[in-house]
Amino acid sequence: MGLRKDIWRVGISDAPLDAIIEEGGVKAETVTWLPELKSFQFMADPFGFWKDNLLYIFVETYDYRTRHGIIEVFVYDERFNLLGRRVALSEPWHLSYPYVFEADGEIWMLPEAYHSGKLTLYRAASFPDAWEPACVIDLGPDVAVDGTPFFHDGLWWLFYTPASKPPKPVGELHLAYAEQLTGPWTRHPNNPVRFDSASTRPGGTPRVLNGRVMLPVQDCSWTYGGAIRPLWFEALTPDRVVTHAGPKVRIPEQFAPYTEGMHTLSAAGSVTVFDVKRTELSAHGLSIELIRESKKFLQKKC
């Protein structure tokens with residue numbers, strides 16, 4: 001039962017992802033913050049999408065009382081004025097990492113949902129808050145965590161970390177590829193293509209920068225979501241993968257107390273959305289855990 005709780009906050013940087021990677025950090029003066037939630041709730045894993053001059057930011061919202069995440073969407077105008085907020089997707093299982101993108105004339109969402117035992121690709125039936133399952137991405141025995149699709153050199157690529165219980169001591173990056181977004185998908189023969197807790201778990205939007213594929217990845221070498229690093233692909237083919245990790249993306253001191261981690265950095269046109277964290281230890285947090293564990297105990301007895 002963890003006593004310290006990660007509390008995440010989401011920001012919009014009025015700078016493109018390419019510039020943030022090249023400059024090595026987010027500049028505090030460019031940031032507009034999404035509203036904070038109530039005690040022991042948070043928003044994380046932001047992905048942005050522009051449509052009709054409005055910025056839609058999809059996030060996981062999470063409450064430590066229920067330990068159940070849903071996907072919400074916040075709507076902003078071009079000056080980052082908040083226009084509205086609503087539930088975008090909710091399932092009986094926990095949802096996070098709502099990767100939203102456009103392809104084949106449709107808008108898609110691929111949320112992280114490994115508690116469901118599968119990776120479901122959703123299509124927007126009515127953007128932004130009505131989504132229908134389009135297909136299940138079949139990765140054989142792998143259940144993907146933070147699946148991140150990207151079209152490159154005539155193929156769809158999927159970056160992911162496989163779920164495992166108990167968690168593996170060292171992080172792994174796996175790849176799959178397909179000619180069509182809906183599959184069939186082929187797992188890369190060299191999986192895992194990278195071992196390293198500091199640079200394997202996907203954490204944002206892939207890009208091609210200076211001719212190389214760049215994937216934001218989480219550095220979890222000392223704490224969950226401790227930082228984001230760019231992972232560079234010198235080679236990315238169905239036969240060969242060569243990677244190296246860049247330095248951590250800087251978190252400005254002005255973000256305090258939210259300076260203890262970053263685990264999502266995603267592009268939305270000319271802006272970038274990200275999350276940063278603080279940790280909290282309090283009697284309130286302990287009481288939430290005690291109440292939760294007591295309810296579980298009583299349910300088992302019944």
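Arg212 lies over the face of Trp232, at 4.3 Å from the ring centre. That contact is a good way into this predicted model, which holds 20 aromatic pairs. Its strands include two open sheets of four, one in the order E2-E1-E22-E21 and the other in the order E3-E4-E5-E6. The largest nonpolar core has 26 residues, and a second, separate core has 20.

**Aromatic rings**

- A pair of aromatic rings is described by the distance of the centres and the angle of the planes.
- Among the 20 aromatic pairs of the structure, Phe49 and Phe127 make a tilted one, with 5.4 Å from centre to centre and 50° between the planes.
- Phe49 belongs to strand E3 (residues 41-51) and Phe127 to the loop between strand E9 (120-126) and strand E10 (130-136), so this pair ties together parts that are 78 residues apart in sequence.
- Are Phe49 and Phe127 buried or exposed? Both of these residues are buried.
- Phe159 and Phe233 have ring centres 5.4 Å apart and planes at 50°, so this pair is tilted.
- Here Phe159 sits in strand E12 (residues 155-162) and Phe233 in strand E19 (residues 227-236), so parts that are 74 residues apart in sequence are tied together by the pair.
- Phe159 and Phe233 are both buried.
- A cluster linked by ring pairs takes in Phe47, Tyr97, Tyr99, Phe101, Phe151 and Trp156.

**The sheet E2-E1-E22-E21**

- The four strands of this open sheet pair in the antiparallel sense.
- Strand E2 (31-33) and strand E21 (261-268) are at the edges with a single partner strand each, so one side of each has no neighbour in the sheet.
- From one strand to the next, the twist averages 30°.
- Inside the sheet, nine bridges pair E1 with strand E22 (residues 271-280), again antiparallel.
- Ile7 has Arg278 in E22 standing opposite.
- Lys5 is part of strand E1 (residues 5-13), and with a relative accessibility of 5% Lys5 counts as buried because the cut-off is under 20%.
- How far apart are Lys5 and Thr279 in sequence and in space? They are 274 residues apart in sequence, yet 5.2 Å apart in space, C-alpha to C-alpha.

**The sheet E3-E4-E5-E6**

- This open sheet of four strands also has antiparallel pairing.
- The edges are taken by E3 and strand E6 (82-89), each with a single partner strand, so one side of each is left without a neighbour in the sheet.
- The twist here averages 25° from one strand to the next.
- E3 runs antiparallel to strand E4 (residues 54-63), and nine bridges join them.
- Phe47 has Phe58 in E4 as its bridge partner; Phe47 is also a member of the aromatic cluster described above.

**Strand E8 and its neighbours**

- Six of the seven residues in strand E8 (residues 106-112) are buried, which leaves the strand mostly covered.
- Strand E7 (residues 96-103) runs antiparallel to E8 and is joined to E8 by six bridges.
- Opposite Glu102 stands Ile107 in E8.
- The two strands E7 and E8 form a hairpin with two residues between them, and Asp104 in the turn has a positive phi of about 55°.
- E8 is also joined to E9, by two bridges and in the antiparallel sense.
- Trp108 has Arg123 in E9 as its bridge partner.

**Nonpolar cores**

- Which residues touch the most other members of the largest nonpolar core? They are Ile21, Met262, Leu265 and Phe274.
- The elements giving two or more residues to this core are E1, helix H1 (17-23), E3, E19, E21 and E22.
- The second, separate core includes Tyr97, Ile137, Trp156 and Trp185; Tyr97 and Trp156 also belong to the ring cluster.

**Cysteines**

- A disulfide is a covalent bond between the sulfur atoms of two cysteines.
- How many disulfides does the model hold? The count comes to zero disulfides.
- Cys135, with a relative accessible area of 17%, is buried because the value is under 20%.
- Cys220 has a relative accessible area of 23%, so this residue counts as partly exposed.

Conventions: Residues are numbered from 1 along each chain as its sequence is written. This is a predicted model: local features need pLDDT of at least 70, side-chain atom pairs count only at pLDDT 80 or more; totals for chains, interfaces and linings use all residues. Side-chain values use heavy atoms; hydrogens and water are left out. Buried means under 20% relative accessible area, exposed over 50%, partly exposed in between (1.4 Å probe, protein chains only). Rings of Phe, Tyr and Trp (its six-membered ring) pair if their centres lie within 6.5 Å; planes under 30 degrees apart count as stacked, over 60 as edge-to-face and the rest as tilted. A charge sits over a ring if NZ of Lys or CZ of Arg is within 6 Å of the ring centre and within 35 degrees of the ring normal. Two strands pair if DSSP finds at least two bridges between them. A disulfide is a pair of cysteine sulfur atoms within 2.5 Å. Axes are lines fitted to C-alpha atoms, for helices over the stretch in contact, and angles run from 0 to 180 degrees between N-to-C directions. A nonpolar core is a set of buried Ala, Val, Leu, Ile, Met, Phe, Trp, Tyr and Cys residues joined through side-chain atoms within 4.5 Å.
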